[in-house]
Amino acid sequence: MNRFLKWILAGAGIVVVLLVVATLVLPKVIDPNNYKEKIRAAVLEETGRELIIGGDIKWSVFPTIGLDLSDLSLSNREGFGDQPMLKVGGARVSVKLMPIFRRQIEAGQISLTGVSAYLQQKADGQNNWEDLTGTPSQSTANSAGVDSEIEISNGTVTLYNTSQSIDMEKFGGNAGGLGMGQPIEVKGEFSVNLVQDELLGKVGFKGLVQPSTNAQWFGIEDFNVSFKGEQGTAEESIPLEMTANANAELDLANDRAKLSDFVFQLFDLRVNGNLNVTSLASDPAYTGEFKLAEFSPRKLMENLGMDVPQTQDQNTLTKMLGDVSFTGSPGIFNMQDLSGKLDKSTFSGTIKIEGTDSKRFVYDLDIDSLNLDDYSIVTGADSGANSGAETDEPIAAFSIFFVLPGGGDLRIGELVASGLTVTDFSATTSSNSNTLRIFPLKAKLYGGLQQGDIKVDNSGNRPILTSKQDLTGIQVEGLLKDLTGSARLQGTGNLHMNIRTDLTSSETTRQALSGDISLSVKDGAIVGIDVAQTISMVASTLGQKTQSAGATAQQKKTEFAELSIGGIIENGILTSDDLVMRSPLLTATGKGSINLVNETIDYVLKPVLAGDTGIGGLEQLSGVPIPVKLTGNMYEPDVSVDAVAALTGSQKAKLNEKKDELTNSLLDQVFGNKKDKKKKKQDAQKDEGGM
């Protein structure tokens, strides 16, 4: 027992002697300044950079044996100016004791203070640090296994490129076990202030780095980056908090990398996925998958301080989720198995991005249903104060095709737009930075078919739209009811339209409108006017005995076998002279014009009664055109009936006395009673005021 105690005391004595020697003898025996030139030469050989040690290298003995250095700087890469890339105000390197007695210096812990790093990238992509990240030299590789630790405090890192400068201040961190083959625990934080982006906050990071002994493989476990700060001006700043977590591998020997268990979180937005990259040194190719958890885009925009669009349906932009698998290589990014959900719509398909300098987008998408009206922006008084006005640039509706040129196929099971409902919608687009074509455009609507061809040319001073549309077998009543809210026409119709216009503004769209249009309707009726009843009123005025059917406004209609009209559009004015309507009671023709710019009409209809109307006393009107003139506002025109022109003698006098009464009666039948309309409008305004 006493012998064992002696050995312990002897060992302790040796340690004390060594400490005394290290404290008192080493500074006199070994002058570290003698190594300045060797250190400078080693750095120059390894990096091609000049290391300047401005202050003296001094021994420190408390709390550990080490070396203190001050005023260090590392020169910049050639072509990046005279400003040093790295400055260090003070450095302390703890020294392992036993190698000293072999006249060798091996570092233990390294502490750096007052670090200032200036990192610069030029417009051509060159930077001032890439020459320091090459394959380590043999001497560096031989240092594998050295167990060191580095600590940095009060550092500043400046990242500068052609667009902006980023300052990371109060940078601090430490990494333990810096020897190759040894796990390195890395953690730290710094403050960041992006003036141009109005972003201010603190970034934290931590993780465990596992390098191989030959520096050819690196693994990162549980790597975490977080940001907490605010964005915006001091008066209108919003809080921001985001995190990212992942595991990663870098295999230089096999030229590949891997990112796994990736998770990104920003408010309620959460994305997770994996990424694999091969051929890192030549032509990188990658595969991966990402999944977007359900979140509310509307709420995210609110949290980010963005202007939330005031949509017609406030329940839109409240639910979104999706996932995608992707592959890629230089010049190609291919999203496969894309699927997701936006509010009530479910979508799937593929998107490919081709090209390097100029991108080309190719897509193939399916959507089960989409109501564009729900997403229409409410403007003006409907959306409240400070809502802003809708842009007066119709070309904006097509701008995405010029920004993302390419082409593809889109299919929508049910599409609602401008009140119209279509099914089996399909469109093929092709575009470049100046032109767009949508052809073929097909859909089923209201019992019929639509086929169209749309072209937009944005290469000149003004964007020009040309459109050719053919609708066949359409149930006109349903289409008009959804489009305008009421239906005055029934029947099965065909519509042909070939137009051209200027999309610079909504005004030029009307003023420059030109082309031709034709409409034909069979086995239909004009709702709201009963010609037979009107003729009865004429017969009564002439003293004939007839009986009124007494039909209600909803029952009044004039049936016809065929109705057709065609016209030419020039400078926003539609001119037509070939209206024809045929029914057992009468045949009507018409001609005139409709000004689409100021929304006025100047049109004359000339109905001609058949020879046998079945109404006694009107034989003298059979075969005689009775002019009906429509003028004024195209939506509520003034209507005048010149039946007097078809009569003579006492009959003309009688009818003249009743002309105003007949005209007003006919006007009420066609367009509804104006007093009733005014009353309904007043009632509606009262209802809105009471809400």
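**Cores, salt bridges and surface of the predicted model**

The largest nonpolar core is built from 24 residues, and Phe398, Phe425, Leu445, Val456 and Leu479 are those with the most contacts inside it. Six strands each put at least two residues into this core: β18 (360–371), β19 (406–417), β20 (420–431), β21 (435–445), β22 (448–457) and β23 (464–475). The largest share comes from β21, which supplies 5 residues. Phe425 gives a good look at the surroundings: setting aside residues up to four places away in sequence, phenylalanine 425 touches Leu410, Arg411, Ile412 and Leu415, along with Leu441, Lys442 and Ala443. There is also a second, separate core, this one with 20 residues, including Leu194, Phe205, Phe295 and Leu300.

All of this comes from a predicted model, so a word on confidence is in order. Average pLDDT for the protein chain is 80, and 74% of the residues score at least 70. Two stretches stand out for low scores. Over residues 4–17, pLDDT stays under 50, and the model has 0 contacts for them beyond four places in sequence. Residues 544–553 also stay under 50, but here the model has 14 contacts beyond four places in sequence. Where pLDDT is low, the predicted coordinates should not be read in detail.

Zooming out, the protein chain has 691 residues, of which 33% are buried. Its secondary structure comes to 12 helices and 31 strands. Taking contacts between residues at least 6 apart in sequence, 48% join residues at least 24 apart. The accessible surface of the chain is about 39,700 Å², and carbon and sulfur atoms account for 54% of that.

On the surface, Leu250, Leu252 and Leu280 make a nonpolar patch of about 210 Å². Leucine 250 sits in strand β11 (residues 238–251). With a relative accessible area of 33%, leucine 250 is partly exposed, and it therefore clears the cut-off of over 30% that patch residues have to meet.

Now to the charged pairs. The count of salt bridges comes to 12. In one of them, aspartate 68 pairs with arginine 92, and the closest N and O atoms are 3.2 Å apart. This pair links distant parts of the chain, with aspartate 68 in strand β3 (residues 66–74) and arginine 92 in strand β4 (residues 86–95), 24 residues apart. Aspartate 68 is partly exposed, at a relative accessible area of 28%.

Arginine 462 and aspartate 502 form another salt bridge, and their closest N and O atoms are 3.0 Å apart. This pair, too, links distant parts of the chain: arginine 462 is in the loop between β22 and β23, while aspartate 502 is in strand β24 (residues 489–502), 40 residues apart. The two ends have their own burial classes. Arginine 462 counts as partly exposed at 44% relative accessibility, whereas aspartate 502 has a relative accessible area of 7% and is therefore buried. Elsewhere, Glu37, Arg40 and Glu50 are joined into one network by salt bridges that share partners.

A further salt bridge brings together the side chains of glutamate 354 and arginine 360, at 3.6 Å from N to O. Both partners are partly exposed: glutamate 354 has 26% relative accessibility, and arginine 360 has a relative accessible area of 42%.

Arg40 of the network turns up again around leucine 51. Not counting residues up to four places away in sequence, leucine 51 touches Ile39, Arg40, Val43, Ser73 and Leu74. Leucine 51 lies in strand β1 (residues 51–53). Its relative accessibility is 17%, so leucine 51 counts as buried. Serine 75 is 24 residues away from leucine 51 along the chain, yet their C-alpha atoms are separated by 6.6 Å.

Asparagine 334 makes a polar counterpart to look at. It is placed in strand β16 (residues 332–342). Because its relative accessibility is 15%, asparagine 334 counts as buried. Beyond residues up to four places away in sequence, asparagine 334 touches Ser325, Phe326 and Thr327, plus Ile351 and Lys352.

Definitions and conventions: Residues are numbered from 1 along each chain as its sequence is written. Side-chain values use heavy atoms; hydrogens and water are left out. pLDDT is the predictor's confidence in each residue, from 0 to 100. Contact means heavy atoms within 4.5 Å. Helices (H or I, at least four residues) and strands (E, at least two) are DSSP runs, numbered from the N terminus. Buried means under 20% relative accessible area, exposed over 50%, partly exposed in between (1.4 Å probe, protein chains only). A nonpolar core is a set of buried Ala, Val, Leu, Ile, Met, Phe, Trp, Tyr and Cys residues joined through side-chain atoms within 4.5 Å. Patches are made of residues with over 30% relative accessible area and no salt bridge: like charges are joined within 9 Å, nonpolar side chains (Val, Leu, Ile, Met, Phe, Trp, Tyr) within 5 Å. Accessible areas come from the Shrake-Rupley method with a 1.4 Å probe; for residues, only the protein chains shown count as cover. A salt bridge is a side-chain nitrogen of Lys or Arg within 4 Å of a carboxyl oxygen of Asp or Glu.
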